[in-house]
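Q: Please take a close look at one part of this model. Then set that part in the context of the rest, and explain the terms as you go.

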Amino acid sequence: MLIAGLALWAGQAFAQPSKPPYSVDGLYNLANSYARSGKPGLAVLSYERAALLAPDDPDINANLAYVRASAHVSVKPRNRFVRLAEAASPTSAAWLGVLGIALVGIGLVARWVAPRFLWIPGGGILLGVALIALTASNAMLLWPRMREAVVLIDQTPARVSPASMGDTAFVLREAESVTMTAEHEEFILIRTDGGLSGWVARSNLGAVVPQVAGER
Amino acid sequence: MITILGVLAPAEHAMAQANDALAYETVEPSRIKLGESATLRVTSFGHLKDVALPSVPGLVFEKMGRSQGLEFANGTAIPASFVLIRITPQFAGVFSIPGLTPTSPATELEVVNGDEPNAYTGRSQRPAQLPVASTSLPKGVQLQAGGAAFLHLAAPARAIYVGESVPVEIELGLRPGIVTSVNGLPTLNGSDFTLSNLSKQPARREQAFEGSIFVVLTWHSTLAAVKPGDYSLSAETPIAVKIGALSEADRAFASILTRPFLQIMYSGIAPKDITIGSSLSELKVLPLPTEGQPRNFSGAVGDFQVLSDIFPATVMAGDPLTLRLHIRGVGNFDRVDSTMFDHLDHWKTYPAKSSFTPSDAVGYRGEKVFEQPLIAARAGEQLIPGLEFNYFNPGTRRYERAQTAPIKVMIAASLASGSLNALSGGQSPIGAPTTGSTEGLRPDHPRPQNSVSDLRPLYFRVPFLGIPTTLALILAGSWFAMRPSAARATSKATERVLARLDAAARAGDSSSFFEIARKTLLQTFAARWQMPADQITFAELKARLGIMGEDVDRLFALADEAMYSDYQPGDTDFQRWLRLIRGQLSGDGE
């Protein structure tokens, strides 16, 4: 069953050759070019995507902060727990979680097999639980970012209704990060860090994690 | 001479049999309450044999008698004869009573309801009524519903074009008292024309037509044809009128009833819903000419002028501004359309919306405004091209083009692009790439190598979740399979004991062998039989184990011998005793 699962994962991973590949360095360099071209929105979007793949990359974080500061867009500081939990890349955290499950399971089974050496499986169980907790923390912190988007056009109006002629509730700055909460045709309901909600045209936003076509 | 001016009405009336050349009638009082009666007096200056009672819907006539007397005129007494007729009305209204003799004019009787001013107020106390000028009905208009109503559609006489909007007038004339209600707005016959919405509050006036007072309701509207051809236009409207349903004999019977209530009950007057129509009006509709028709002609017909403006005048890049197109003039504004700009370089366009403000009551003249939001993609001086509007002018009978002038607008740079440009040291506008690194930005990374097709972390992808799930299931199954059980624990202990016994047998240590064997068997029997080990006697062994009990007892005895007398069994004995012990420990010996 394990082999079957691995085969299924490998098949899914390689079954979409038409989708553009994302790489940390490629996204980082692309973001730099946007920043030099005076397009902070697209630059922040690319930096955010690169940070998803390599959250602890100092160059990405430094340039992201720099571009945001230049665009006068504030961002909430990360606390120590967040920094610790995001220290591992999501891919590493995923495999560490699998390792943790394996350690816990093997440790539980080993208790019966070698009851004289309980400290070994006990230690393995503790380590496994820690790894699972790290993975879970990483996932919990990254989950909201799956619904994040970056404003691509300066002074984008956020309207009270999903209509191009709807009244403007407030205006968003370019490179500002928002959370997508709902969508209706060509409009997306967003929420800012300050708690404001409004409808924004889809074309004015860039989702940090592009949605798979079948999931829309 | 008291003379009453009456209004001629085409009501039914019988010709008088009198051969008198001069006669007149008076009604006293001329205004009564419903339930009261008035007296009609026919005065004749000759011999008046008899007069036939008239027939007026809503009135009951009753001969009261005839007399002879003198009538004074200009101080001269003239012999005259009189016929008195009682008039009792069935409902309120203004009634015109025809002359009962060839020479007498019609008279009028007004009947009011009880809550109106005192009906016995003398006529001298009432304000003098201005004489109403009586005119003829418009040409082609015929009275309907027994002369109680007419409908007139005033359509243009000239030929019109498809889509051309022309003002029309619909007049509905009603005789009060006979027509009780208008049950709907006038409608056009035929689906080849459109009529703009008619007001529920038409213009109202009173006018006399052919001697009768009519309340005339007038609707002003606009008419437009949807396809060419020759048409006969007419309008119709539903009304309710009071019509007498009794025969002549029944009316005569009703007239002799003395009680007004009974007269009302036996009047036979009932409201009836009917539809009256106007006479046909011929109208020719011409097709729009194809010659000279512009490619982007949208179908507007009329005479228009255009103007455009923007609001606000200056904006920043990314801010919306509104482009407005004003179309003023006369014509069919329903066919005035403009898509504005579908696409504009360096601008982001949105769908336009429109609004119409009429200058008159029917919407034939007015202004239509189209508003389109635009967002500039880049800063600097931008030029919005002029808008073109084509229409057909039925007055000049040709297509005309109206165009607005281009509009210059200054787009200021946004703050974000300005900051990054300042940092980069260049003054290039937004969107233009600049060379060299931006101060403060860290340099690019080397050529990228590894790539992924999905930015979502592995643990958010369903296919990957199969791996830890499968692993967890495997491990859980293994744990359940490896979980220690009582039987397994017992067999392990047994194996250990047997291993020790085997070791003792190989070593020839009979005392240890038999001691271990006795101890193990006693523990096993004690646990199995739920009794203390020291209470297991030979009798107990024999009772529970049968013949095997004797062997077990012999083994216990040999244990003592081995301990105290150094008994040394042979290998065969050791094996035999091992088989016995193994059998008892596994429970096969019972």
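A: The answer starts with one helix pair and then moves outward through both chains.

This is a predicted model: local features need pLDDT of at least 70, side-chain atom pairs count only at pLDDT 80 or more, and totals for chains, interfaces and linings use all residues. Residues are numbered from 1 along each chain as its sequence is written, while chains are lettered from A and ligands numbered from 1 in the order in which they are written.

The part in focus is helix α6 of chain B, residues 510-529. Helices (H or I, at least four residues) and strands (E, at least two) are DSSP runs, numbered from the N terminus. α6(B) packs on helix α8 of chain B, residues 547-565. The angle is about 140°, and the axes lie 8 Å apart. Axes are lines fitted to C-alpha atoms, for helices over the stretch in contact, and angles run from 0 to 180 degrees between N-to-C directions. The two helices are therefore oblique to each other (under 35 degrees is roughly parallel, over 145 roughly antiparallel, 65 to 115 roughly perpendicular, the rest oblique). Their crossing is left-handed (the near helix is turned anticlockwise from the far one by less than a right angle; clockwise would be right-handed).

Now the residues of this contact (C-beta atoms, placed from the backbone, within 7 Å). α6(B) supplies B:Ser510, B:Ser511, B:Phe514, B:Glu515, B:Ala517, B:Arg518 and B:Leu521. From α8(B) come B:Val552, B:Leu555, B:Phe556, B:Leu558, B:Ala559, B:Ala562 and B:Met563. Ten of these residues are nonpolar, two polar and two charged (nonpolar: Ala, Val, Leu, Ile, Met, Phe, Trp, Tyr, Cys and Pro; charged: Asp, Glu, Lys and Arg; polar: the others, Gly among them).

α6(B) also holds B:Thr524. That residue counts as buried because it has 21 C-beta neighbours inside 10 Å (buried is 20 or more other C-beta atoms within 10 Å, exposed 12 or fewer, partly exposed in between, with C-beta atoms placed from the backbone). Leaving aside residues up to four places away in sequence, B:Thr524 touches B:Gln584 and B:Leu585. B:Leu585 is 61 residues away in sequence, but its C-alpha is 6.7 Å from that of B:Thr524.

Step back to chain B as a whole. It has nine helices and 30 strands. Of its 590 residues, 29% are buried. Among contacts between residues at least 6 apart in sequence, 72% join residues at least 24 apart.

Two sheets of chain B are worth tracing. One is an open, mixed sheet of three strands, in the order β22-β30-β27. Its edge strands are β22 (314-316) and β27 (380-384), each pairing on one side only (strands pair if DSSP finds at least two bridges between them). The twist averages 35° from one strand to the next. β27(B) and β30(B), residues 407-412, run antiparallel and share five bridges. Here B:Gln382 has B:Val409 as its bridge partner.

The other sheet is also open and mixed, with three strands in the order β2-β7-β6. β2 (31-33) and β6 (93-97) form its edges. Its twist averages 25° from strand to strand. Five bridges link β6(B) with the antiparallel β7(B), residues 107-112. B:Phe95 stands opposite B:Leu109 in β7(B). In the loop between β1 (23-28) and β2 of chain B sits B:Pro29. The bond from B:Glu28 to B:Pro29 is cis, with omega near -15°.

Chain A gives a second helix pair. This chain has seven helices and seven strands. Along the sequence, the pattern is α-α-α-α-α-α-α-β-β-β-β-β-β-β. Of its 216 residues, 40% are buried. Helix α2 (24-36) packs against helix α4 (58-70) at about 20°, with axes 11 Å apart. These two are therefore roughly parallel. Their crossing is left-handed. A:Tyr28, A:Ala31, A:Asn32 and A:Ala35 of α2(A) meet A:Asp59, A:Ile60, A:Asn63 and A:Val67 of α4(A). That contact has five nonpolar residues, two polar and one charged.

Chain A also has backbone features to check. A:Gln155, not a glycine, has a positive phi of about 60°. It lies in the loop between β1 (148-151) and β2 (156-159) of chain A. A:Gln155 is buried because it has 21 C-beta neighbours inside 10 Å. A:Glu185 has a positive phi of about 55°. Its loop runs between β4 (177-184) and β5 (187-191) of chain A. A:Glu185 is exposed because it has 8 C-beta neighbours inside 10 Å.

Methods: Contact = placed C-beta atoms within 7 Å.
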